[in-house]
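Let's take a walk through this structure together, moving from the overall picture to a few individual side chains. Keep the 3D view open as you read.

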Amino acid sequence: MGAVVGTLTMQTKQRRPSRDKADDELEMTTVCHRPEGLDQLEAQTNFTKQELQILYRGFKNECPSGVVNEETFKHIYAQFFPHGDASMYAHYLFNAFDTTNNGSIKFKDFVMGLSILLRGTLREKLEWTFHLYDINRDGYINRDEMTEIVRAIYDMMGKYTYPALKGDVPQQHVDAFFQKMDKNKDGVVTLEEFVIACQEDETMMRSMQLFENVM
Amino acid sequence: MAAGVATWLPFARAAAVGWLPLAKKTMPKPPVDNSSRSDEILYVNVSGVRFQTWKNTLDRYPETLLGSSEKEFFYNEDTQEYFFDRDPEMFRHILNFYRTGKLHYPRNECIQAFDEELAFYGIVPEIIGDCCMEEYRDRKKENQERLAEDTEANEASDAPLPPHSTSRERLWRAFENPHTSTMALVFYYVTGFFIAVSVIANVVETVPCRPPKGSVKDLPCGEKYQLAFFCMDTACVLIFTFEYLMRLFAAPSRCKFMRSVMSVIDVVAIMPYYIGLVMPENEDVSGAFVTLRVFRVFRIFKFSRHSQGLRILGYTLKSCASELGFLLFSLTMAIIIFATVMFYAEKGTKGSTFTSIPASFWYTIVTMTTLGYGDMVPNTIAGKIFGSICSLSGVLVIALPVPVIVSNFSRIYHQNQRADKMRAQQKVRLARIRMAKKGTTNAFLQYKEDRDRDSDSTALCVKNRSAFEHQHHHLLHCLEKTTNHEFTDEMTYSELCMTESVGFRTSRSTSLSSQQGAQNNSTGCCPRRARRRAAMRLANSTVSVSRGSVQELDMLHVKTTSIPPQTRSSLNAQADDLKLNCGEQDFTAAIISIPTPPANTPDESLPPSPAPIPGILRNTRATAYTHDTVKISSL
């Protein structure tokens, strides 16, 4: 009798791990991320409470679970650029926003990124851009990374452009970029080189100012 | 999901900072955003039920009543709220649409009431979410069919004949609707009577009558009164032949008539008589002749013209033909299995009636249908066991067809309708997506054209577009500046490829070439700008931007103002004209009108244009400007 009960309990014990896994999966999908309090976010970013409220309402409406994963992000970004293929650039952008590198953007990441882009100092914006370009986060932008990014941007343009994309336009663009940025011609661009080169670039400084008021 | 797109737009624009180091040119100026950033709560009073929502929520769909300035008409100053004298229950669903981006159809509501509410609030029913779309369409179809049936029933019987119908048409109508005239009714009943007479005659002539004097054997009445029956048969056949010939004469489409089921039945009903007349009284062929007389029983099917019920039954069986066929097949399988088993079970016994497997078929069928004649009975124990299994399974198998036919009738019927609907919807869906994509391209190219021109002159026009559109276009413009390439559409692109490859500037092969006369003259001096102008124009008039990926776009509110082409010299003059005309643009909520050539069917009527080609409003010397409002909502 005891043996029977024993075998029965053993069986249930064996079954439980798999059921737990299923339960875990269920939990993971339904869990909600809540951002920190409004006050803390206000302290950490450059937004006012009102702006944070408006941002969060929009964010929560789109992502009731409180996180954006990469697929959703790509889908959203693709709707802004229906002419071309925005998935690669969206991927890099996603990684740039996902500072914690866990494959999902929470509201905090979202709002911190926006704070830098919209309300940050020039240096912060340039640093953010540098991190966007630096795909493998090693502190240097090399040619391959730059080519990837530039190709992704040109992909967004789509096929039908004027003038038509002939030859390896992205590559030429990358070469021009390195010409400008790589001061010591060592084949990589460091953060300092990048910041200095950008500050010297008149057109870029003018353009930066235009993006102040995007909110 | 326009809400989603609108929410993320600031994010996408902020991320455009990432393009700046790569940009070869300066970024364009962003549009001025005058709207206050702070959100406010609006009060909407619908027949006493107060709803509150953020203003932003309602602004998500600017081409609906609540999202546009149209709601100001309903604003009540005293109570500081928007008052609508409509159904509050329905309004709940409408408001949920704004909140969630999905429109649901409440199943307990009348479909017409729902449609009216949607029309009032300026919402296109096509955006009903997938979860409720099928139900909505089914109900709507049902409603329309019912209305159509009612009107048809009213019309069909009482409609007066068109005044100049030929006698042929009148005859056909008399045949199809016997109630229209007295003559037709009389004819209808006469044929019915003769069908009955014929059928009864066929039946009665086989009944044994008292034998004539001198003979002992019973004689079937047919042989006793041979002449009488022959006369009756002749009369019936004459009537039927006459009727058939009349129908054939009156039929609007003779081939179609001859192929129809009823005419085949008619022919089969009268053929035996004529064949019998023609055939000699030969003993050899009399066997075949007797078989032919069997076909006379098909005259009973002629009653289906007189009976609606028979027709429905026939249609049911026809529509369930595949199901019945499968049933028959499975029955045959079962019969073969059991017959084989019974045969081998009973093989050994002496005097067994199961002489062969085909002989066992009869036993199996009789047992499975629980008839049990008892002419073949198993004797061995194994035979009895299998026999009982056979009869039990027979009960199950035979009991299947009845509910199958009943349920299949509605299922198969609806299924067919749905498959066709799906196919049509899919085509419409793809077409709509293509149109929306093209609309975006057009809107953006239009925006660029405005940009190129003197920015002051377009200030008035500019404010007629939504803030969202402005910002989106600005974003696309930034991308162009970054890469130093411009967006065009497929037609222009292939066009330019052609011209470049050929090596000289040809006049366009499209139908616009006739109107580009002035254009062509000026290409010599400013080739690049001329090309861009051409690109613009073609963009506004071309059909499709075909993209491989079927990306689903949200509701894009895209307004294009079609600018007629201008000659180089009159550019300045035209700028003034444009300023004047901007004020005349008027809104219509939720219409879909696309300036496309006839390849795509335009949904709404376009404003009349002087150009010969519908939808392409180009005139080199146009004095009247027409504005197209393109609103595209796609699922």
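The paragraphs below go from chain B as a whole to its interface with chain A, then to one helix, some salt bridges and a serine in chain A.

Please keep in mind that this is a predicted model. Chain B holds 23 helices and nine strands. Of its 635 residues, 43% are buried. If you look at contacts in chain B between residues at least 6 apart in sequence, 70% of them join residues at least 24 apart.

Now turn to the place where the two chains meet. Here 63 residues of chain B are in contact with 60 residues of chain A. Together the chains bury about 5800 Å², and 69% of that area is on carbon and sulfur atoms. Three residues, B:W8, B:F11 and B:L22, supply 14% of the area that chain B buries against chain A, more than any other three residues. How many salt bridges does the rule find across this interface? The count is zero, while four residue pairs are in polar contact there. Several elements of chain B each supply at least two residues to the side that touches chain A, including α1 (2-15), α17 (401-452) and α20 (490-502). The largest share of that side, 12 residues, comes from α1(B).

Next, pick out helix α11 of chain B, residues 261-278. Its 18 residues reach 26 Å from the first C-alpha to the last, close to the 26 Å expected at 1.5 Å a residue. There is nevertheless a kink of about 35 degrees at B:M271, shortly before the proline B:P272. Buried residues of α11(B) include B:M262, B:I265, B:D266, B:A269, B:I270, B:P272 and B:Y273. It helps to recall that an α-helix has 3.6 residues a turn, so residues three or four places apart point the same way.

One of those buried residues, B:D266, leads on to the salt bridges. Side chains of opposite charge can pair when their charged atoms come close. Over all chains the structure holds 24 salt bridges. B:D266 belongs to a network of them that also links B:E243, B:R247, B:K302 and B:R305. Within this network, B:R305 and B:E243 form a salt bridge whose closest N and O atoms are 3.8 Å apart. B:R305 sits in the loop between α12 (283-294) and α13 (308-319) of chain B and B:E243 in helix α9, 62 residues apart. Both B:R305 and B:E243 are buried.

Two other pairs are worth finding. B:E81 forms a salt bridge with B:R50, with the closest N and O atoms 3.0 Å apart. B:E81 lies in strand β4 and B:R50 in strand β2 of chain B, so this pair ties together parts that are 31 residues apart in sequence. B:E81 is buried, at 7% relative accessible area, whereas B:R50 is partly exposed at 47%. The side chains of B:R429 and B:D130 also meet in a salt bridge, at 3.4 Å from N to O. This pair links helix α17 to helix α5 of chain B, 299 residues apart. Is B:D130 buried or exposed? With a relative accessible area of 59%, B:D130 is exposed, and B:R429 is partly exposed at 24%.

Finally, cross over to chain A, where A:S104 is found in strand β2. A:S104 counts as buried because its relative accessible area is 13%, under the 20% cut-off. Leaving aside neighbours within four places in sequence, A:S104 is in contact with A:V67, A:V68, A:F94, A:D98 and A:D109.

Technical notes. Residues numbered from 1 in each chain as written. Chains lettered and ligands numbered in written order. Predicted model: local features only at pLDDT ≥ 70, side-chain atom pairs only at ≥ 80, totals over all residues. Heavy atoms only, no water. Helix = DSSP H or I, 4+ residues; strand = E, 2+ residues; numbered from the N terminus. Expected span 1.5 Å × (residues − 1). Bend = angle between axes of the 7 residues up to and from the residue. Buried < 20%, exposed > 50% of the residue type's maximum accessible area, 1.4 Å probe, protein only. Contact = heavy atoms within 4.5 Å. Buried area = accessible area lost by both parts, 1.4 Å probe. Salt bridge = Lys/Arg side-chain N within 4 Å of Asp/Glu carboxyl O. Polar contact = N/O pair within 3.5 Å; in protein donor to acceptor, adjacent residues only side chain to side chain.
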